[in-house]
Amino acid sequence: APPIGQRVFPAMAPKKKVLAAKAAPAIPAKEEAEAAAEPEKRKAEEEPIEEAPKKVAKTEVAKTEVKEEEKAGTPETEKDATVDRRPPMKEAIGFSPQDTTLNVIPTMGGKVLMSLSEGGMQYLVAGARSNVGMKAGRYMFEVRIVEALSPTEASTSALRSRVAAPRQLLKVGFSTAGSPLVLGDSEDAHVCFDAEGNFCAGRKKKLGGAQKFTRDQVVGVLLNLDPSSPNVNTLSLFRDGERISEPQPIPESLHGKTLFPHVSFRNISVQVTFGSQPTRALPFKCRGLGGAAQADVVATKKVEPKGGKCEVVVPVAFPDEGTFDWLDAFLAKNPDYVELSDRKILEWAASSGVMKGPKVAGSQASNDKPMFNFGLPALDDFSVQRVLQSVTSVIPRNYVVMEVKSNLLQAERQEVLKRFSPALFKRVAHVVMGEPNDEFKQLQQDKILKEKQDKATLEWKAKQTERKRKKEMDERQKALMEMKKKADETRKKVADEAKKKAQAALKKVQSETRKAEAKKKAEEAGEEYVEVEEAEEEPKEEEDVKVEVKEEEEKKADEMEVDEEEGPPVVELTEEEKNMWFRPPAAGISGDLAASVLNLSFGKFSIPESSEGFDDIRFEWQGAEASRAYVHKWVVERKRTSRIEELEPGEWFLTKNQEWMKLFADWQAKQRTFKNSQAKELAAKELAAKKRKEAGEEDLPEEEAVDDGDLQNVADVNDTGKGEPLYKDFTFEDWALLQLRYELHLLQVAFTKDAADPERAGVHDTHLAFYYTKYFKKTLSPKAFAVSDNTELTTLVKDAIGWGADEKVLTTTLEEDAEPSACLKMSEDNRRERQRRIDAGDETARLKFMPAAISQPSKAPAFAPAGPAGVPMGALGGAPAGAFRPPLGNPAAKQWGGKGAIYPQMGGFGCKGGKGAW
């Protein structure tokens, strides 16, 4: 059994001379009985008649009559072709390489067309258009399937037990010159029949427009452009000489145009015949396209390659600077060139009916390397690209190798040139760089304006749709209100009528009562009773408030509001858009290169040289020197703003960082030791003062605080006198700023050393967090320091760190081998200045950082000093001995501080007394 979704063209059984397609009509039982009884009646008068021959004769006669009736029911409207004495066509009919897809292999002198069916090619439709087209007359050509292939593909997915097999396909018809080579891939340039019996005009398909045809059957395609014929501008299909479709009208868009025979096929081999006479006789005399008059046909000009060689064009252009727009304009001017790129393969697959899967999140897709996610291994593993590289290198044709990244790299350009032999191809580089010419600028502005207008039109349509929806909703609401109002009026009317009836009845009773009393009184008085007619009160009709007019006016006002805008707004380009050289990528659409790919390769971008193997180098917009200068400027600017994905910390940084982490932890440990001893001394002084007070002795005068003077003259930061460290009054914020100063200094110096590129001045503002994480294995967040961005962050340590005014890269005022003690002295000086401002009442000088301002590396450092009982401190939480751990909550809640501190402190960092505390 064939695979699911695959159509197999079986071999046609040999024809039989005896007609057996239709059964003879059954003979009625009554007639059969009379025929059987007739010989018995006339035995004595006539000789017996054999029944079998008589029945056969009746069957054959019935068959002939039915066939003649069918023929008479559908008379052929095409007339026999008359003798045409005009000069015959001179050109030989065939298929030019520029009018065939890359997977078409002509054989047998171009009479048989085969298609590649390996390496993913089995999913792509092949197309071929002849070099001679019709502009008048009535002619035909013939097609026959000579081979049907059944390529299969093993599934590589555990979720799919069977991979959809590529089905066989054949379409035959006509198309205009320069239209897409896959029939059905154009709105108004194709007309054809397919093997399933459908008639296709452009992208529209008419089911059942013809009968099906299959392998080994000769299919004739007749195009009638003869104005004297009743079937003018129609297309007909014949199978082995018999008509299998009514004349189908071709689209009006094709009237008066030259139409070329065209076939599209997949996984089959076809024989295409352009003879002067059909190989299978039709019900009428008709000439083939090979016997057409010269006046009725047009032959495409055969493009001879200059110098006997075809060209291989290698465009060299920067990503997102008009690369593909220039290519599209080049192909429009040079239709005989074939683009070799991934985007064309995707377009080809879409034309062949191969659908892509959903977009994969986080993919590195771009215009240069779009994503192949068809769910078909032979397409997704880039086998098609490898097959095309092999085929195009041996088939002479003009090619454009469109690879944005590869064409900018010398090594990869040379690999491209190796595929194309200089004996067959002229290898030409087109350098498209710098300021474009006026023609290209206008092209870009036209596209920008069109995209802007399309966006405005889409928004206008959405707005109109929303207005219409609201209007319909209001109308429904009004209709409901009107229905409710009418119901209320009906109920009121019924109630009023009932009330009126009751009142009328009551009045009638009262009137009769009064009459009776008046009559009685008259009789009693002996007077004659005269009935007086009572005047009936006319009911007062309530004036209805006519709200219908008001509602109608509101409705008209709403309609006027909806129709206020007759059409979408007309947009114009801004001054900024008019000055743009290149159209920016639309929102949500990938650029020419993925960011990671660009960052890894742009440092090696260059323009081609003749020494690489190019036969010619053409500069489209600027000359060679200007292009080189543009490349250098572009690369330098890109280096300043891009990050080095593959950069790793060097040995110098690793050594310095280890020393710094150990020293930072030692300083914090010594501060805790000093705080503990200071607390003991304070307790001893308080005890001695208490004893002196009990003994009646006078208190000793307090020691005045000693100013340390110029901090730069401090030789030992661990002992400024009497064993006091310079950092004795450091709080959480001071330690955080000390760490920030020195680590940003280390980062800048290490980056310069590891990048080893004089054109990279330093860490750019936009990549500070990226490099900080890469080097220190922890995150840097300005919000942890109560600021919003990197500029405000470095302002906290502006005495050591800043940003370059022009290039916006990190700078340091310290020497390359500056000791951490220099940053510690800066931090103490900064602390004293803040404290003076706070004592003066300036609360803006008070700092309040989040615990994340001092964070630990995500990985334990290389060294791990021993902790209690010889246990490495890294095993106690990933921090070195004596390392500072920030509190889990607000620093103020943990009571940081000490003498002159911002926050009061009761001993060590984190717990009272400092024992065992971090």
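User: What makes Asp99 and Arg129 a salt bridge?

Analyst: In this predicted model, the side chains of Asp99 and Arg129 meet at 3.6 Å, N to O. The cut-off is a Lys or Arg nitrogen within 4 Å of a carboxyl oxygen of Asp or Glu, so the pair counts as a salt bridge. Asp99 lies in strand S1 (residues 95-100) and Arg129 in strand S4 (residues 126-130), 30 residues apart. Both residues are buried.

User: Why is Thr323 called buried?

Analyst: Thr323 has a relative accessible area of 4%. Buried means under 20%, so Thr323 is placed in that class. Thr323 belongs to helix H3 (residues 323-333). Beyond its neighbours within four places in sequence, Thr323 is in contact with residues including Met402 and Asp592. Thr323 and Met402 are 79 residues apart in sequence, with their C-alpha atoms 9.3 Å apart.

User: Why does Glu659 count as partly exposed?

Analyst: The relative accessibility of Glu659 is 46%. Partly exposed is the class between under 20% and over 50%, so Glu659 falls there. Glu659 lies in helix H13 (residues 651-695) and joins Glu815, Asp817 and Glu819 in a patch of negative charge on the surface.

User: How do you know that Lys778 and Glu743 form a salt bridge, and are these residues buried or exposed?

Analyst: Their side chains meet at 3.2 Å, N to O, and the limit is 4 Å, so the pair qualifies. Lys778 sits in the loop between helix H15 (768-776) and helix H16 (790-795), and Glu743 in helix H14 (residues 732-755). Lys778 is buried at 8% relative accessible area, and Glu743 is buried at 2%.

Key. Residues numbered from 1 in each chain as written. Predicted model: local features only at pLDDT ≥ 70, side-chain atom pairs only at ≥ 80, totals over all residues. Heavy atoms only, no water. Patch = residues over 30% accessible without salt bridge, like charges linked within 9 Å, V, L, I, M, F, W, Y side chains within 5 Å. Areas by Shrake-Rupley, 256 points an atom, 1.4 Å probe, with all protein chains shown as cover. Lys, Arg positive; Asp, Glu negative; His and termini not counted. Charge placed at Lys NZ, Arg CZ, Asp CG, Glu CD. Helix = DSSP H or I, 4+ residues; strand = E, 2+ residues; numbered from the N terminus. Buried < 20%, exposed > 50% of the residue type's maximum accessible area, 1.4 Å probe, protein only. Contact = heavy atoms within 4.5 Å.
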